[in-house]
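Colleague: I have some questions about the labels used for this model. Can you take me through what stands behind them?

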Amino acid sequence: MKLRKLLRRLIYAPIGLCKEIIKIANEGARDVENRKRFPKATIATGCCFTEDVVIGEKTHIFEDCIINNSQIGCYTYISRNSLIQNTTIGNYCSIAHEVISGLGNHPLDLFSTSPLFYHQKNVFNIQLLEKESQFDDYKPIHIGNDVWIGARAIILDGVNIGDGAVIAAGAVVTKNVPPYAIVGGVPAKIIRYRQSQEDINVLIQSQWWLLTPQEAIKKMG
């Protein structure tokens, strides 16, 4: 039995080798394309972007991130294995590893939450509907400037996160976060604010995140 299994593996080995070579070549070509597409940003290996993604200059996207239908500002970093979908992210944001922004929704008012019953085109390739439903799977997410999001946080669809906010590691953000608020937990709740309301007003009015780092430190430092 072991000999038969070994022989079968040897027969399939050339096919498997060819597939792996093609896979490596495709991944390498994708990495080269990403770097040429975003020459003013730093793009690590293994990242996937849809055609409509926009990435600002001096931004760093770490390994194996997936970014779909999103716009990323300048001087922002997104750490490894993050999934960002239908999200606008401002400047000077710090996003840790394995953050998820934009998971999508399912309807709760139908007899079933399965996409079979609200999408003509679905993962099963089974069409039951005569016309496409009006249900919106993905609502846009807006993340302001100078936002810090901790590791493995989840941002649900339709949420707005204000400038200067902090999202604790592992938090699940289900509703809007005010500017400069620190939130954590499941679901995320306000723990405290980074600054006094007076200082928050000054920071928001300064719009320092529209400046280069050199200009910002001269103005705010």
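Modeller: Start with pairing. Two strands pair if DSSP finds at least two bridges between them. This is a predicted model. On that rule, five strands form an open sheet, in the order 3-6-9-12-15, with parallel pairing.

Colleague: What makes strand 3 and strand 15 the edge strands?

Modeller: Strand 3 (54-55) and strand 15 (160-161) each pair on one side only.

Colleague: How do you know that strand 12 and strand 15 pair?

Modeller: The rule asks for at least two bridges. Strand 12 and strand 15 are joined by two, and they run parallel. Among the contacts, Ile143 has Ile161 in strand 15 as its bridge partner.

Colleague: What is the strand order in the open sheet of six strands?

Modeller: The order is 2-5-8-11-14-17, and the pairing is again parallel. Strand 2 (48-49) and strand 17 (172-173) stand at its edges. Each has a single partner strand, so one side of each lacks a neighbour in the sheet.

Colleague: What makes strand 11 and strand 14 a pair?

Modeller: Two bridges, in the parallel sense. The cut-off is at least two, so the pair counts. Strand 14 covers residues 154-155. There, Ile155 is the bridge partner of Ser101.

Colleague: Which strands run antiparallel?

Modeller: Strand 18 (residues 181-184) and strand 19 (residues 189-193) do, with four bridges joining them. The pairing rule needs at least two. One partnership is Val183 with Ile190 of strand 19. The two strands form a hairpin with four residues between them.

Colleague: What marks out the turn of that hairpin?

Modeller: Gly185 in the turn has a positive phi, about 100°. Then comes a cis peptide bond between Val186 and Pro187, with omega at about -10°. Pro187 lies in the loop between strand 18 and strand 19.

Colleague: Why is Tyr92 called buried?

Modeller: Buried means under 20% relative accessible area. Tyr92 has 14%, so the label follows. Tyr92 sits in the loop between strand 9 (87-89) and strand 10 (94-95). Its phi is near 60°, a positive value in a residue other than glycine.

Colleague: Asn125 also has a positive phi without being a glycine. Is Asn125 buried or exposed?

Modeller: Exposed: the relative accessibility of Asn125 is 73%, and the cut-off is over 50%. The phi of Asn125 is about 55°. Asn125 lies in the loop between strand 11 (100-101) and strand 12 (141-143).

Colleague: Why is Phe124 called partly exposed?

Modeller: Phe124 has a relative accessible area of 45%. Partly exposed lies between the 20% and 50% limits, so Phe124 fits. Phe124 too lies in the loop between strand 11 and strand 12.

Colleague: Which residues form the nonpolar patch on the surface?

Modeller: Leu110, Phe111, Phe117, Val123, Phe124, Ile126 and Leu128. Together they have about 730 Å² of accessible area. A patch residue needs over 30% relative accessible area. Phe124, at 45%, meets that part of the rule.

Colleague: What makes the surface patch of Glu20, Glu27, Glu63 and Asp64 negative?

Modeller: Asp and Glu count as negative. Glu20, Glu27, Glu63 and Asp64 gather in this patch. Like charges are joined within 9 Å.

Colleague: How do you know that Asp64 is partly exposed?

Modeller: Its relative accessibility is 41%. That falls between 20% and 50%, so Asp64 counts as partly exposed. Asp64 is found in the loop between strand 4 (60-61) and strand 5 (66-68).

Terms used. Residues are numbered from 1 along each chain as its sequence is written. This is a predicted model: local features need pLDDT of at least 70, side-chain atom pairs count only at pLDDT 80 or more; totals for chains, interfaces and linings use all residues. Side-chain values use heavy atoms; hydrogens and water are left out. Patches are made of residues with over 30% relative accessible area and no salt bridge: like charges are joined within 9 Å, nonpolar side chains (Val, Leu, Ile, Met, Phe, Trp, Tyr) within 5 Å. Accessible areas come from the Shrake-Rupley method with a 1.4 Å probe; for residues, only the protein chains shown count as cover. A salt bridge is a side-chain nitrogen of Lys or Arg within 4 Å of a carboxyl oxygen of Asp or Glu. The place of a charge is taken as NZ of Lys, CZ of Arg, CG of Asp or CD of Glu. Buried means under 20% relative accessible area, exposed over 50%, partly exposed in between (1.4 Å probe, protein chains only).
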